[in-house]
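Me: Could you go through this structure with me slowly? I am new to reading models, and I would like to ask things as they come up.

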Amino acid sequence: MIRMQNVHKAFGDNRVLRGMELHIPKGTSMVIIGGSGTGKSVALKSVLGLIEPDSGTILVDGKPSDSGDRDAFLARFGMLFQGGALFDSLPVWQNVAFRLLRGTLKRPVDEAREIAIEKLRRVGLKADVADRLPAELSGGMQKRVGLARAIAAEPEIIFFDEPTTGLDPIMSGVINDLIREIVVEMGATAMTITHDMSSVRAIADNVAMLHDGVIQWTGPVADMDASGDPYLDQFIHGRAEGPIEAVR
Amino acid sequence: MNPLSLLAHLGRVVLTALAALGRLSLFAVSTLTHMLRPPFYPREFFSALLNVGWLSLPVVGLTAVFTGGALALQIYSGGARFNAEAVVPQIVAIGIVRELGPVLVGLMIAARVTSSIAAEIATMKVTEQIDALVTLSTHPMKYLVAPRVAAALITVPLLVAVGDIIGIAGGYVVATQNLGFNPAAYIKNTVDFLELKDVVSSLVKGCAFGGIAATMGCYYGMQSGRGAQGVGAATKSSVEAAAILILAANFVLTGVFFSL
């Protein structure tokens, strides 16, 4: 479904992606792991067109991601941002129903609100949260609202950018379980980037390890522990010693 | 210093300035095209009308009334040196309508509105809200920039008109209460002396200054760097640029209206 071929991206002298190759089959959940600053977010944003790669090809369903109707392309995606990225000036329900209140997916206000409340319930939030502002919610609640927004328009593809960053272990577990349930229930294709190994084990069908701008290892999550790849082994066991420099 | 390296340094400065001007021009053209093409976001537009126009009235009114009063005192005491105290109504009217009204309102809008737009958009950028807008199939130029600039183009001339009236009223109060002017004669002299061209120039300047103030806020907000420092730098730069461009545009527009 999503294929990245020989994708390069540099910011000045910093070559972040150096020929990245990745394939995410339809209906599967791919988790990209790697150290800070290795280009995981750049890869994810390149697929969405938020960052333009210097070279290489990104295909979604066999078609280049930068061709065709941009709105129709983006309407297939939902995304949960690292910090939630909720709109401060809008109440929670309008954040969740943002896509349903304008553009090609526009619905009547009452219907959009009903869908928003249903999605909030789906992520474990009560209806009374709907009229609050994002600033009045805790970090975990904001993540759930972000998740509700990501799934509100029932997208085919969902991206999760560091879904558990900044959350306590219990809330991280709740979010991981929700992501897994929602992805399975919707039959969506998912791409997640994270450092959190508990997220990897909870969310992933397949794992890809990004290091030095290329995918060092990729395979099913079940094979991860016995991969024999020194980069992956060092990362998943959190060792300071190994081929990945601890100070980058 | 080596003359060649001095020349190279000068060249770099000129090229950097030209590149910045080019980026800004492209941004302004893009803003204009997004203002004219659907989809439109009326809720954002009305919210911007409220913020730029209605909520700026107190600061504009206070600035204008104090400036009008001070101007009347200055003209009276200055005019006394050559027995021209009687020209207070005419000079206050022309000074406020042609120059001080639009410029002071423009600068107040730069301080109040440009800074708030730049800080808001820059914060949205650093917290990935602008990326979120894109992923929700909403163009940030249409949703954030076009409504704010359109609102400023409409409301700032109205604020200037209000500022002109309040400024003249400030001069009237000081002149009639402190300087012994006859109220009816003061109003008659003001109305008789002002020409349509003075009022039109004031409103045109207001429109231009409103466009500059909102565009600078949006431009620097969208260009913001990361973190709190990026937001601070974007806000500071937007107000500086807006104030300087407003004063420069005032000079150009005054020259244009003088030549008519």
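Me: To start somewhere small, where is L50(A) found?

Reply: L50(A) sits in the loop of chain A that runs between helix 1 (40-48) and strand 4 (55-60), where helices (H or I, at least four residues) and strands (E, at least two) are DSSP runs, numbered from the N terminus. Before going on, please keep in mind that this is a predicted model, in which local features need pLDDT of at least 70 and side-chain atom pairs count only at pLDDT 80 or more, while totals for chains, interfaces and linings use all residues. As for the labels, residues are numbered from 1 along each chain as its sequence is written, and chains are lettered from A and ligands numbered from 1 in the order in which they are written.

Me: ok, and what is L50(A) in contact with, leaving aside its neighbours within four places in sequence?

Reply: Those partners are K45(A), D131(B) and V134(B), with two residues taken to be in contact if their C-beta atoms, placed from the backbone, lie within 7 Å.

Me: How does L50(A) count, buried or partly exposed?

Reply: L50(A) counts as partly exposed, because it has 17 C-beta neighbours inside 10 Å. The rule is that a residue is buried if 20 or more other C-beta atoms lie within 10 Å of its own, exposed if 12 or fewer, and partly exposed in between, with C-beta atoms placed from the backbone.

Me: And which residues of helix 1 of chain A are buried?

Reply: They are K40(A), S41(A), V42(A), A43(A), K45(A), S46(A), V47(A) and L48(A). Eight of the nine residues of this helix are buried, so helix 1 of chain A is largely enclosed by the rest of the structure. Just after this helix comes G49(A), which takes a positive phi of about 85°.

Me: How many residues does each chain give to the contact between chain A and chain B?

Reply: Chain B gives 11 residues and chain A gives 15 residues. On the side of chain B that touches chain A, the residues divide into four nonpolar, five polar and two charged; here Ala, Val, Leu, Ile, Met, Phe, Trp, Tyr, Cys and Pro count as nonpolar, Asp, Glu, Lys and Arg as charged, and the others, Gly among them, as polar.

Me: Switching to whole chains: what is the secondary structure of chain A?

Reply: Chain A has eight helices and 10 strands. Its radius of gyration, taken over C-alpha atoms, is 18 Å, close to the 18 Å that the globule rule (2.2 Å times the number of residues to the power 0.38) gives for 248 residues, so chain A is as compact as a globular protein of that length. Of those 248 residues, 46% count as buried.

Me: How many helices and strands are in chain B, then?

Reply: Chain B has nine helices and zero strands, and of its 260 residues 44% count as buried. Along its principal axes, the C-alpha trace of chain B spans about 65 × 60 × 35 Å.

Me: At what angle do helix 4 and helix 9 of chain B cross?

Reply: Helix 4 (residues 88-126) and helix 9 (residues 227-259) of chain B have axes that come within 8 Å and cross at roughly 150°; axes are lines fitted to C-alpha atoms, for helices over the stretch in contact, and angles run from 0 to 180 degrees between N-to-C directions. That makes helix 4 of chain B roughly antiparallel to helix 9 of chain B, since angles under 35 degrees count as roughly parallel, over 145 as roughly antiparallel, 65 to 115 as roughly perpendicular and the rest as oblique.

Me: What classes of residue make that contact of helix 4 with helix 9 of chain B?

Reply: By class, the contact has 14 nonpolar, nine polar and no charged residues. Among them are V103(B), G106(B) and L107(B) in helix 4 and G227(B), G230(B) and V231(B) in helix 9.

Me: Last topic, the backbone: which peptide bond is cis, with omega near 5°?

Reply: The bond from P38(B) to P39(B) is cis, with omega near 5°, and P39(B) lies in the loop between helix 1 (3-36) and helix 2 (42-52) of chain B. Most residues other than glycine have a negative phi, and most peptide bonds are trans.

Me: What is phi of A85(A), and what is phi of E128(B)?

Reply: Phi of A85(A) is near 50°, and phi of E128(B) is near 65°. A85(A) counts as buried, with 24 C-beta neighbours inside 10 Å, and E128(B) counts as buried with 21.
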